[in-house]
Amino acid sequence: MDFVSADGSFACEVKNTALWETPTGDDAQAIREAYREHGVLVFRRQSLSERELLDFGRLIGNPSIYAETHWLSTYDEVIILSNMRGQDGEPLGGLANKGLTWHTDQSYYAEPVTGCFLYGVEVPANGGGTRWASLYRAYETLSDSMKNTIDALVGTFSYRARAGTVTKEDDNHDRARRIGETPDVKHPLVNVNPATGRKALYIDPGTVVGIEGMPQDEADSLLDELLAHTVRPENVYEHDWRTGDLVLWDNAVALHARDAFPNEENRLVKRMIIKLDPAQHIIPPVAA
Ligand SMILES: O=C(O)CCC(=O)C(=O)O
């Protein structure tokens, strides 16, 4: 196995792997460490059944069940994101427009499941790429005075804000119930990796609706400034999907966004969320 920078970015590409044979021993450990260190790992051109995807997921953490159960694939842990429809005309999976803007997953929960896999099964020739921005690098490249300003700040993370207006279609998929069951939660805007001591920014545009003790207009402009700093091109990895690509990321240390693609093109990716080891990874804590 070789670990190299993906496209000169912070993300790490793991070369010379055949993940259908689940890595063991030193190889497994090297993958876990690279994942912890870089936050985004790229494996090009794999050929994985859902069973093999799940087995690889278990090497990284505990594959978990996603809230959107109507997007399920064969295994409860694997969901389908797609614009395609089956022979019965029904959608094969979900494709949220909200994915088009920078975000991180599950920040609105008290205990977010932070690991995530995307596996490309059918990908468009044009568009439909995915971008990641490192929240470690974002923090590390802030000025000392900005670090001092934000080190102890706490944000309010809101599922209601993230979910937006509940439409009738969403209602059918239980979104209104989920909004009711997911109260706003407070997380620090800066978290520390328990194993390495490395600090990462924790922002989620569209979900963080305020900062404790700060007037709304100041909070809004600080959050805008932090986002602009985070997604500067030198801090972003842009993945141009090819069939069989697998990308793993840690939602506590990276933002992501999908690019649009033409309606007439097909895109189907399989997604799995993974509960990560709290001794090795940042699990955003609830702020007191
Ligand atoms: O489909 C993609 O490329 C990104 C999906 C996404 O935004 C997500 O899984 O949260």
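Which residues of β14 are buried on one side, and which on the other? Here are some friendly notes to help you find out.

1. Before you start, note that this is a predicted model, in which local features need pLDDT of at least 70, side-chain atom pairs count only at pLDDT 80 or more, and totals for chains, interfaces and linings use all residues. Residues are numbered from 1 along each chain as its sequence is written.

2. Let's answer the opening question. In β14 (246–250), Leu-246, Leu-248 and Asp-250 are buried on one side, with Val-247 and Trp-249 buried on the other. Buried here means that 20 or more other C-beta atoms, placed from the backbone, lie within 10 Å of the residue's own; with 12 or fewer it is exposed, and in between it is partly exposed. Strands (E, at least two residues) and helices (H or I, at least four) are DSSP runs, numbered from the N terminus. In a regular strand the side chains alternate between the two faces of the sheet. Five of the five residues of β14 are buried, so the strand is largely enclosed by the rest of the structure.

3. Now look at the partners of β14. Strand β3 (residues 40–43) runs antiparallel to β14 and is joined to it by four bridges; Phe-43 stands opposite Leu-246. Strand β6 also pairs with β14 in the antiparallel sense, over five bridges, and here Gly-115 faces Asp-250. Two strands pair if DSSP finds at least two bridges between them.

4. Helix α2 (residues 50–60) is a nice one to view end-on. Its residues Leu-53, Phe-56, Gly-57 and Ile-60 are buried. Seen down the helix axis, the buried residues fall within an arc of 105 degrees, so they line one face of α2; the arc is that of the directions from the axis to the C-beta atoms. An α-helix has 3.6 residues a turn, so residues three or four places apart point the same way. On the face turned away from the buried side, Arg-51 and Arg-58 are exposed. The cover over the buried residues of α2 includes β14 and α1 (25–38).

5. Finally, find Gly-128 in the loop between β6 and β7 (130–134). Gly-128 is buried, with 20 other C-beta atoms within 10 Å. Leaving aside neighbours within four places in sequence, its contacts (C-beta atoms, placed from the backbone, within 7 Å) are Val-123, Trp-241, Asp-259, Phe-261 and Arg-267. Gly-128 and Asp-240 are 112 residues apart in sequence, yet 7.9 Å apart in space, C-alpha to C-alpha.

Notes: Two residues are in contact if their C-beta atoms, placed from the backbone, lie within 7 Å.
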